[in-house]
Amino acid sequence: MKTFPLFCILFFCSVFSFAQNRADRQSLTDKNAFSMILLGDPQGYTKYDINQPLFELCTAWIADNIDQLRIKAVLCTGDLVEQNENMVLDRRMLNQTSREMWEAASRALARLDNKVPYIISAGNHEYGYKKAENGMTHFPEYITFERNSAWRDICVSSIPNRNGVVSLENAAFEFDDPHWGKLLVITSEFAPRDQVLDWARELVASEKYKNHKVIFMTHSFLRHKTAERIQQEGYKISPRNWGEDIWKKLIEPSSNIFLVICGHTGTPGDFEESVAYRVDKNSAGKPVHQMMFNVQVLGGGWEGNGGDGWLRILEFMPDGKTIKVRTYSPLFGISPSTKHLAHRTGACDQFDMVVE
């Protein structure tokens, strides 16, 4: 009879004792599909030090599922911080300075660096001092092109920000898939200037990209629940375009933009108060899907935990036209005792978008 040395037994016991029970792993519904992950406004995570680990949990979960979900990109609706440039703490709404919030956002996103591209539509809280009073922003200081090698081969165009600084605030990224063909994801600054909309419109209509399927991201576009396009806001930042202006100047006249993604609006209440969705036809008669997703008030309201970890899995099916939307939280999914709460299944939480 053969016997195993004591150290071998201890080794195998230690391996199996410490192996993680991956209650949080998710799968595609079709192995030939791919996904993009949508992160709603994360400012509620960064403005309190106790919430910051939840943002890192989201990005750590994404990094852990890159292969499992064949993740091509992470899309973030913006508002990485509560205030862009302020050190005087209003303790009714935060306990972090602007620098601490930017550092926390950068630290969370670092879990994705050199693994997967993340594309951010800078929000109103990224500008000015407290409330987008002007175009000053620290975005290009923290979200630098060089930090993430995953951008190097897919970033195909960009233009300077409001301060004339080269930045990923206004940039385009190209993806390729055997079933979907060429995809272009364009992101824009908050309340984009005419110059930005002109750049995007000319880009998607150019000979090189006119046959690409295009996703356009901007922070402010739809109102929560009603899905009305925003016509006016009280921010002083200028020059600017609000949601309806963006629709008329860029989305409607562009025949190949099939999806607009935004965040920004929302109010405490049911989950339906933090999302919106509508479909309209562009000038070519093709449907344009418009989706708002902003989780910051979920998990306790404006001063809660920042969003309960909710994100969306956008699964691009191999038929080349269907995107399956699922709403999932790794905060609940990571524990077997709360795994049953990790999926939202209401009509506004899981649905299909069909591209024509």
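## Cavity, pocket and cores of a predicted model

The structure holds one cavity of 30 Å³ or more. The model discussed here is a predicted one. About 40 Å³ of space lies in the largest cavity, and its lining consists of Tyr118, Ile119, Ile120, Phe139, Ile143, Trp151, Leu168, Phe173 and Thr187. Strand S3, which covers residues 118-120, gives the most to this lining, with three residues. By class, the cavity lining has eight nonpolar residues, one polar residue and no charged residues.

The largest pocket has a volume of about 250 Å³. Its lining comprises 14 residues, and Gln43, Glu82, Asn124, His125 and Tyr235 are those nearest the pocket centre. Three of the lining residues are nonpolar, six are polar and five are charged.

Asn124, one of the residues nearest the centre of the largest pocket, deserves a fuller description. Asn124 is found in the loop between S3 and helix H5 (139-142). The relative accessible area of Asn124 is 2%, which is under the 20% limit, and Asn124 therefore counts as buried. Beyond residues up to four places away in sequence, Asn124 touches Asp79, Ala132, Phe190, His219, Tyr235 and His264. Two of its contacts are polar and run from side chain to side chain: one reaches His219 at 3.0 Å, and another reaches His264 at 3.1 Å. Asn124 and Ala191 are 67 residues apart in sequence, yet their C-alpha atoms are 8.1 Å apart in space.

Two of the residues that Asn124 touches, Asp79 and His264, also have notable backbone angles. Asp79 is not a glycine, but has a positive phi of about 60 degrees. His264 likewise has a positive phi, near 85 degrees, in a residue other than glycine. The table sets out the loop position and burial of Asn124 and these two partners.

| Residue | Loop lies between | Relative accessible area |
|---|---|---|
| Asn124 | S3 and helix H5 (139-142) | 2%, buried |
| Asp79 | strand S2 (71-76) and helix H4 (98-109) | 1%, buried |
| His264 | strand S8 (257-262) and strand S9 (275-281) | 12%, buried |

A further backbone feature concerns a proline. A cis peptide bond joins Ser238 and Pro239, with omega about -5 degrees. Pro239 is placed in the loop between strand S7 (213-217) and helix H7 (243-251).

The nonpolar interior may be considered next. In soluble globular proteins, nonpolar side chains tend to be buried together. In this model the largest nonpolar core has 80 residues, and Leu75 and Leu80 touch the most other members. Helix H3 (residues 52-64) gives the most to this core, with six residues. Apart from this core lies another, of 26 residues, which includes Ile159, Trp199, Ala227 and Trp247.

The contacts of Leu75 join many parts of the sequence. Not counting residues up to four places away in sequence, Leu75 touches Met36, Ile37, Leu38, Leu39, Ile119, Val185, Met217, Ile261 and Leu314. One of these partners, Ile119, also appears in the lining of the largest cavity.

Terms used: Residues are numbered from 1 along each chain as its sequence is written. This is a predicted model: local features need pLDDT of at least 70, side-chain atom pairs count only at pLDDT 80 or more; totals for chains, interfaces and linings use all residues. Side-chain values use heavy atoms; hydrogens and water are left out. On a 1 Å grid over the protein atoms alone, a cavity is a set of points where a 1.4 Å probe fits but cannot get out, and a pocket is an open set with protein on both sides within 12 Å along at least five of seven lines; lining residues have an atom within 4 Å of a point. Grid points are joined across faces, edges and corners, and a volume is the space filled by probe spheres set on the points. Ala, Val, Leu, Ile, Met, Phe, Trp, Tyr, Cys and Pro count as nonpolar, Asp, Glu, Lys and Arg as charged, and the others, Gly among them, as polar. Helices (H or I, at least four residues) and strands (E, at least two) are DSSP runs, numbered from the N terminus. Buried means under 20% relative accessible area, exposed over 50%, partly exposed in between (1.4 Å probe, protein chains only). Contact means heavy atoms within 4.5 Å. A polar contact is a pair of N or O atoms within 3.5 Å; within protein, one must be able to donate a hydrogen and the other to accept it, and residues adjacent in sequence count only if both atoms are side-chain atoms. A nonpolar core is a set of buried Ala, Val, Leu, Ile, Met, Phe, Trp, Tyr and Cys residues joined through side-chain atoms within 4.5 Å.
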